[in-house]
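Here are some exercises to work through with the model open in your viewer. Try each task yourself before you read its solution.

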Amino acid sequence: MTDNDIRHESPSQTAGPYVHIGCLPNWSGIAGIYAEDPGSRLVNADTRGERVSIAGRIFDGDGAPVLDAVIEIWQADAAGLYPSPVETRGVADPNFAGWGRIATAFDSGEFRIDTIRPGRVPYPDGRLQAPHINCWIVARGINVGLQTRVYFADEVAANAEDPVLALIEPRERVDTLLAQADGEGGFRFDIRLQGERETVFFDI
Amino acid sequence: MSSEQPRGYLPRDRGWHPPALAPDYRSSRVRSPRQPLLALPTTLSEESGPVFGHDIIGPRDDDLIHNYATEGHSALGPRILVHGHVRDQSGRAVPNTLVEVWQANAAGRYRHPNETYIAPLDPNFGGCGRCLTDADGYYRFLSIQPAPYPWPNGPNSWRPAHIHFSLFGEAFAQRLITQMYFEGDPLIPLCPIVNAIPRADAIDTLIARLDMDAALPMDMLAWRFDLTLRGRAQTYFENRPEGL
């Protein structure tokens with residue numbers, strides 16, 4: 001392969017502080033253009049699987065919550081199937097979107113994802129990955145969208161054999177990808193962009 | 001690269017994109033990870049992605065001149081048509097993919113709760129639009145020329161006129177947000193966000209060209225802006241006999 005055979009990807013630029021205008025216009029106060037914001041409903045009454053909510057905040061290197069971020073998630077359905085043309089193992093739940101888009105609150109930085117616990121998806125070599133949710137984070141000051149994953153701390157056995165978590169060194173950084181039960185039926189997942197306990201971000 | 005067919009997507013060229021930390025872009029200082037990214041082979045989780053249908057696209061979603069305007073009115077500012085193709089790194093069209101745009105108005109003011117610039121809002125301009133690419137990867141939308149505006153970075157920082165673009169492609173690994181600039185804007189080389197991109201030839205790919213062939217006489221100028229999303233490693237090898 002030579003450089004001439006393939007083109008360069010368009011270079012990324014920050015989504016900026018006003019990303020909500022284009023991505024979540026109704027949420028940011030621009031009503032009437034889109035009937036609803038894209039990605040605002042992952043589940044409906046007929047969606048199969050265990051309902052889970054994941055709440056958290058994103059912190060910068062000074063420990064301040066990021067008040068202007070947008071998080072997109074992409075995950076398999078309860079059976080581990082993606083609603084995508086590249087899914088060849090079966091047909092995903094038609095009542096599950098798989099993709100969601102959530103803003104952190106302007107005042108507190110809190111985000112909340114209402115979804116279902118995903119099933120297991122194979123790694124390229126056939127091993128099963130633990131249930132996980134892919135996350136893509138954009139905001140002012142983030143030059144290239146950050147890719148990470150949410151795993152569930154209560155999936156102890158599956159997490160122990162997950163081929164992606166197995167790549168993480170030092171091992172204590174695995175904890176940065178584990179959503180912890182909050183004691184009230186939900187999960188807590190904070191993201192740290194920089195510094196102590198910095199979240200593991202992936203180059204995928 | 002080995003002769004074995006790799007799966008997944010071509011690796012992202014991190015020397016082509018801006019680094020996480022670009023100190024002249026002040027916000028990146030505390031929002032840039034300092035640990036290296038963990039390289040991960042793409043799995044089905046990254047090789048799949050959401051599909052959007054025409055059912056979500058309203059008739060005026062691609063017309064920012066009118067999609068927030070009162071009936072019989074239109075947004076203020078020079079009318080423009082922005083168009084181009086979305087292709088992947090192999091040159092393959094990316095069809096039926098969602099393109100979302102957002103921008104400031106013709107005075108450089110955003111319609112947003114956190115916006116503080118003194119320039120006026122335009123009551124007939126919302127600032128967002130979207131469309132799906134067609135079978136050839138072609139997109140087109142109508143808007144007004146956004147203005148440059150000042151921002152709190154350095155003592156006298158101004159953004160060049162720009163339009164934000166969000167693209168999906170077919171896989172979560174292709175997800176991209178970037179910005180389109182306008183050919184000839186003297187603020188482009190002064191902008192710390194632009195200059196976070198390390199290479200001049202990479203910056204050049206984000207500068208739309210005036211396209212007089214597509215301009216609508218007595219109506220609007222046109223700007224051409226093509227975009228490239230990550231390519232599939234397998235597609236590249238499958239296509240090889242055609243090219244070589």
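A residue is buried if 20 or more other C-beta atoms lie within 10 Å of its own, exposed if 12 or fewer, and partly exposed in between, with C-beta atoms placed from the backbone. Helices (H or I, at least four residues) and strands (E, at least two) are DSSP runs, numbered from the N terminus. This is a predicted model, in which local features need pLDDT of at least 70 and side-chain atom pairs count only at pLDDT 80 or more, while totals for chains, interfaces and linings use all residues. Residues are numbered from 1 along each chain as its sequence is written, and chains are lettered from A and ligands numbered from 1 in the order in which they are written.

**Exercise 1. Place strand 7 of chain A in its surroundings.**

Step 1: count the buried residues. In strand 7 (residues 146-152) of chain A, 7 of the 7 residues are buried, so the strand is largely enclosed by the rest of the structure.

Step 2: sort the side chains by direction. In a regular strand the side chains alternate between the two faces of the sheet. Here A:L146, A:T148, A:V150 and A:F152 point one way, with A:Q147, A:R149 and A:Y151 pointing the other way, and all are buried.

Step 3: find the neighbouring strands. Two strands pair if DSSP finds at least two bridges between them. Strand 6 of chain A runs antiparallel to strand 7 of chain A and is joined to it by 6 bridges; A:I137 has A:L146 as its bridge partner. Strand 8 (residues 178-181) of chain A pairs with strand 7 in the parallel sense over 2 bridges, and there A:L178 is the partner of A:Y151.

**Exercise 2. Describe the fold and dimensions of each chain.**

Step 1: list the elements. Chain A has 2 helices and 11 strands, in the order α-β-β-β-β-β-β-β-α-β-β-β-β along the sequence.

Step 2: apply the globule rule, which is 2.2 Å times the number of residues to the power 0.38, with the radius of gyration taken over C-alpha atoms. For the 204 residues of chain A the rule gives 17 Å; the radius of gyration is 18 Å, close to that value, so chain A is as compact as a globular protein of that length. Its C-alpha atoms fill a box of roughly 50 × 45 × 45 Å along the principal axes.

Step 3: repeat for chain B, which holds 4 helices and 12 strands. A compact globule of 244 residues would have a radius of gyration near 18 Å, and the 19 Å of chain B agrees with this. The C-alpha trace of chain B spans about 60 × 40 × 30 Å along its principal axes.

Step 4: check burial. In chain A 50% of the 204 residues count as buried, and in chain B 47% of the 244.

**Exercise 3. Which residues touch the most other members of the largest nonpolar core?**

Step 1: set the criterion. A nonpolar core is a set of buried Ala, Val, Leu, Ile, Met, Phe, Trp, Tyr and Cys residues joined through C-beta atoms within 7 Å.

Step 2: read off the residues. The core has 111 residues, and A:V70, A:I137 and A:V138 touch the most other members. The largest share, 5 residues, comes from strand 9 (residues 176-182) of chain B.

Step 3: follow one residue. Two residues are in contact if their C-beta atoms, placed from the backbone, lie within 7 Å. Leaving out residues up to four places away in sequence, A:V138 touches A:A15, A:V19, A:A69, A:V70, A:G145 and B:I177.

**Exercise 4. Map where the two chains meet.**

Step 1: count residues. The contacts involve 68 residues of chain A and 75 residues of chain B.

Step 2: name the elements. On the side of chain A, helix 1 (19-23), strand 6 (132-138) and strand 11 (202-203) each give two or more residues.

Step 3: look for pairing across the chains. Strand 11 of chain A runs parallel to strand 1 (residues 38-39) of chain B, with 2 bridges between them; A:D203 stands opposite B:A39.

**Exercise 5. Decide where to trust chain B.**

Step 1: take the average. pLDDT is the predictor's confidence in each residue, from 0 to 100. Chain B averages 94, and 93% of the residues score at least 70.

Step 2: find the extremes. Confidence in chain B is lowest in helix 4 (residues 233-243), at a mean of 51, and highest in strand 8 (residues 162-167), at 99.

Step 3: mark the weak stretches. The pLDDT is below 50 over residues 235-244 of chain B and stays under 50 over residues 1-6 of chain B. Where pLDDT is low, the predicted coordinates should not be read in detail.
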